[in-house]
Amino acid sequence: MDIKTRYKIETMDLEPDRFEIFAPSAHQFEWTRRELLALLGAGVLYVVSAQDADAQQPERIGLRLHVAPTGVVTVLTGKVDIGQGLRTLLTQAAAEELRLTPEKVRVQTCDTAVTPDDGGTWASLTTPQTVPAVRMAAAALREAGFHAESMQRTVAASVTLTAPKDWKVLGTSLPPVSGRDIVTGRQKYGADVRVEGMLHGKVLRAPSHHAALVKADGSAAEKVTGVRVVRNGTLAGVVAGDDRTASEALRLLKAEWKETPLPAQAEVFAHLRKTAEAPVFVRGSRYPAVLEQGSVVEAMKGAVRRHEATYTAEYIAHVALDCRSAIAEWDGDKLTVHCGTQAPQVVRRELAEAFRIPVNNVRLIVSNIGAGFGSRHRGECELEAAALARAVGKPVRLAWSREDEFLAGYFRPAAVVDVKTALDASQRVVGWDFHNYNSGASGLAVPYAIANSYCGFHKSDSPLRQGSYRSLAAVANTFARESHMDEVAHLTGSDPVEYRLRHIEDTRLRHVVEAGARRFGWEKGRRGMGVACTIEKDARLALFAEVEEPIRVRRLLLLFDCGAVLNPDNLRNQLTGALIQGMGGALFESVRHDRRQVLSLRLSRYRLPRMADLPEIEVQLVDRREVAPTGAGEAGITLVAPALANAWFSFKGERRRGLPLFTAGEPKR
Amino acid sequence: MNNPVSVVVNGAKRSIVVGQGITLLDVLRDQLDLTGAKYGCGEGQCGACTVLVEGKAVRSCLAAAESVAGKKVETVEGLEREGRLHPLQAAFLEKSAFQCGYCTPGFLMAAEALLRRVPKPAEAEIRRELNGNICRCGTYPRIVEAVRMAAGVGKR
């Protein structure tokens, strides 16, 4: 049947949504319609166009909503569900504006042949960007006269979103829409996907973190029945009919490598300093590398008292339980990859560049991911699977092992942070000089009213392969800043809560600190209590911690204000999880390596937070309906390390300035 | 080496191929298309692959396939009966005791093994028993609550 008779396409002009990182693909409608029909069945497809505010950019096309004859509305999104509650939130967004019950809404996550480019699933942007985009599209459909029963519609020029006070679905704790699939084991992840006729691949890992493949000898491996050895540039691998045979063949594949040594672990911080570049300000960047106010040089000169200290953070691993996997399938010069990536458009471009094909020839069908935390922003596994598949001319599945994850993935950057403060006669901080080496510029901004400040991010040569991580550098930067504020408070004989409040003008930040102190039972001079606060991605939060010996966290209280709360229970779940994940990096997580290779290659060698580590945790939400919500998946992780370091100082009188604060390496249970 | 043997999976007799290097997890996922049990670490550290063998929690990534010959294996897919959720599943759902859900099948089966042995466990017992399972999203407090709810030991 001719697809055009099955779909009516409606176009609407809307306010711009502001995902601006990657240009969307231009034309792919022929492919799209065919795939859409397969995916969604017959119905009316709503194409929502959004233009840049200055209208200089060409019109962007996004297929956003599909209405089936049954009245079920499917929201199309280029984002991915990584456990953050994307499906549930977008269901709420569409149901709210369409005046539908949530049961009438489905969410189709990223399939690049079908869904719009919503940018990567990163940086807590689903709530501030994708939710508004979906709400606008749904509201346009509603205003255009959409009725689930009659399917009448006309095109609307502008839209009015439902006022927060009138919300019926948003702002409520709609349970996770995938819940039943999850508890029955039916939910599919990357590793559960199968394709007819697929073969199984394995890739040879180098003995050294930095190694170039010189020579591969596949003669022994190729003697195993049905095995093909693949050599392509830097990659050597095998493909077989089943996973076990591929593993067997891989053991027989021999190679020579040219290895470049790593600095010893103890030398990493010195190396980062030694190779650092001066901070470079780039206009319009999301995380500016230089933030400057007043004159920090003058402030230092005129200071009555100065304090300086250096803070560090080691490399840590994301360890999403779901290891990367990909199934690649070539049809001539067209490539389809089933995978689990947080950044489909980035990976698509990586694949297009690697195989020298147009980006529109690459289709990514993205599965649910058994969590991301920033680990899936690059297409390592997808590239390998595509190379293997191209060589053998059949679909190839490549499923990484846990060891592959540690050997060929990337880590949260190590950090060195220098902080210097100048105090005036009233003991107030009037100068703030802050330098992050290697880990990044997010979380550089100081939430305190300080007249003179310089915050800079210095790029360095990272010994280990590094990349994104939940909240990026904000963990290291907030650890340094909040530890330092605590040090200065103690130096001046002040109470850490009072001292912070003296420097806070933002009323929402004041509120979470004050309300948190009351709720926690904060007492001046009481042993074992610590506090930290921040403005992270526009959310205001304060964390209070209590510790006891032997290095045990007794309780954590988080006060959190991200504006309007779209789903309170999901937000609490996210924040509690971020606190627990934060405890790992704060207390004991660290990637060990020698001069050759990463040594933490298994979970028995890399300790993660477990039930036995659990403190009492309380999360208090400040719901501000009138304030547009910011994202919240990441911010909660940023305060754990400083609150614990500060509590430890209060308990022991000992200042710890390096993450992890305590045991590194081997699990201790 | 690749010998078919029989095993009872979720109450049904199944024929599986066992052999050198084939684990119970491989059998479930690749031969029986039961993908609820997950690979997470391959060394019994994370518990995502937990299933029951003769009613006891077993790390299926470490169990050789031949070790279950003639035995009863239960997986997450067998918990639901005629469309009715098992009390643990209902409790996990009620408490939203998951985020990405990847570890959930393993936690459910580990908790089920505990409740069969100790129908009314103390909270400390739940934590101890489930300490071998990792939830990287950090939903531990909800998991403890859900297991208590399923066991009918209520809230603290």
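**Exercise 1. Strand S15(A)**

Task: In this predicted model, how many residues of S15(A) are buried?

Solution:
- Step 1. Fix the cut-off. A residue is buried if 20 or more other C-beta atoms lie within 10 Å of its own.
- Step 2. Apply it to the strand. In S15(A), 4 of its 5 residues are buried.
- Step 3. Conclude. S15(A) is mostly covered.
- Step 4. Look for the partner. S15(A) pairs with S14(A) in the parallel sense, over 5 bridges.
- Step 5. Name one pair. Ile365(A) in S15(A) is the bridge partner of His338(A).

**Exercise 2. The sheet around S15(A)**

Task: Which strands stand at the edges of the open sheet of 7 strands in chain A?

Solution:
- Step 1. Recall the rule. Strands of a sheet pair through backbone hydrogen bonds, either parallel or antiparallel.
- Step 2. Write the order. It is S8-S9-S6-S16-S13-S14-S15 in chain A, and the pairing is mixed.
- Step 3. Read off the ends. Strand S8 (228-232) and strand S15 (362-366) of chain A are the edge strands, and each pairs on one side only.
- Step 4. Add the twist. Neighbouring strands are turned by 25° against each other on average, direction ignored.
- Step 5. Check an inner pair. Strand S6 (residues 199-203) and strand S9 (residues 235-240) of chain A run antiparallel, joined by 4 bridges. Gly201(A) has Val239(A) of S9(A) as its bridge partner.
- Step 6. Place a helix. Helix H7 (residues 243-252) of chain A packs on the sheet and touches S6 and S9 of chain A. The direction of H7 makes about 140° with that of S9(A).
- Step 7. Place another. Helix H11 (residues 380-392) of chain A lies across several strands, including S6, S8 and S9 of chain A. H11 runs at about 40° to S13(A).

**Exercise 3. The sheet of 4 strands**

Task: Why is one side of S20 and of S23 of chain A left without a neighbour in the sheet?

Solution:
- Step 1. Write the order. This open sheet of chain A reads S20-S21-S22-S23, with mixed pairing.
- Step 2. Find the edges. Strand S20 (529-536) and strand S23 (616-621) of chain A each have a single partner strand, so one side of each has no neighbour in the sheet.
- Step 3. Add the twist. From one strand to the next it averages 15°.
- Step 4. Check the inner pair. Strand S21 (residues 539-548) and strand S22 (residues 552-561) of chain A are antiparallel, with 9 bridges. Val547(A) has Val553(A) in S22(A) as its bridge partner.
- Step 5. Place the helix. Helix H15 (residues 507-520) lies across S20, S21, S22 and S23 of chain A, at about 25° to S21(A).

**Exercise 4. Two packed helices**

Task: At what angle do H16 and H17 of chain A pack?

Solution:
- Step 1. Choose the quantities. Two packed helices are described by the angle between their axes and the distance between the axes.
- Step 2. Fill them in. Helix H16 (residues 568-587) and helix H17 (residues 640-652) of chain A pack at about 60°, with axes 8 Å apart.
- Step 3. Classify. That angle makes H16(A) oblique to H17(A).
- Step 4. Give the hand. The crossing of H16(A) and H17(A) is right-handed.
- Step 5. List contacts. Residues of H16(A), among them Leu579(A) and Met583(A), meet Val640(A), Ala641(A) and Leu644(A) in H17(A).
- Step 6. Sort them. The contact has 7 nonpolar, 2 polar and no charged residues.

**Exercise 5. Chain B on chain A**

Task: Which elements of chain B give two or more residues to the side that touches chain A?

Solution:
- Step 1. Count. In contact are 40 residues of chain B and 42 residues of chain A.
- Step 2. Name the elements. They are helix H2 (87-94), helix H3 (104-117) and helix H5 (140-151) of chain B.
- Step 3. Sort by class. This side of chain B has 20 nonpolar, 14 polar and 6 charged residues.

Notes
Residues are numbered from 1 along each chain as its sequence is written. Chains are lettered from A and ligands numbered from 1 in the order in which they are written. This is a predicted model: local features need pLDDT of at least 70, side-chain atom pairs count only at pLDDT 80 or more; totals for chains, interfaces and linings use all residues. Axes are lines fitted to C-alpha atoms, for helices over the stretch in contact, and angles run from 0 to 180 degrees between N-to-C directions. Angles under 35 degrees count as roughly parallel, over 145 as roughly antiparallel, 65 to 115 as roughly perpendicular and the rest as oblique. A crossing is left-handed if the near helix is turned anticlockwise from the far one by less than a right angle, and right-handed if clockwise. Two residues are in contact if their C-beta atoms, placed from the backbone, lie within 7 Å. Ala, Val, Leu, Ile, Met, Phe, Trp, Tyr, Cys and Pro count as nonpolar, Asp, Glu, Lys and Arg as charged, and the others, Gly among them, as polar. Two strands pair if DSSP finds at least two bridges between them. A residue is buried if 20 or more other C-beta atoms lie within 10 Å of its own, exposed if 12 or fewer, and partly exposed in between; C-beta atoms are placed from the backbone.
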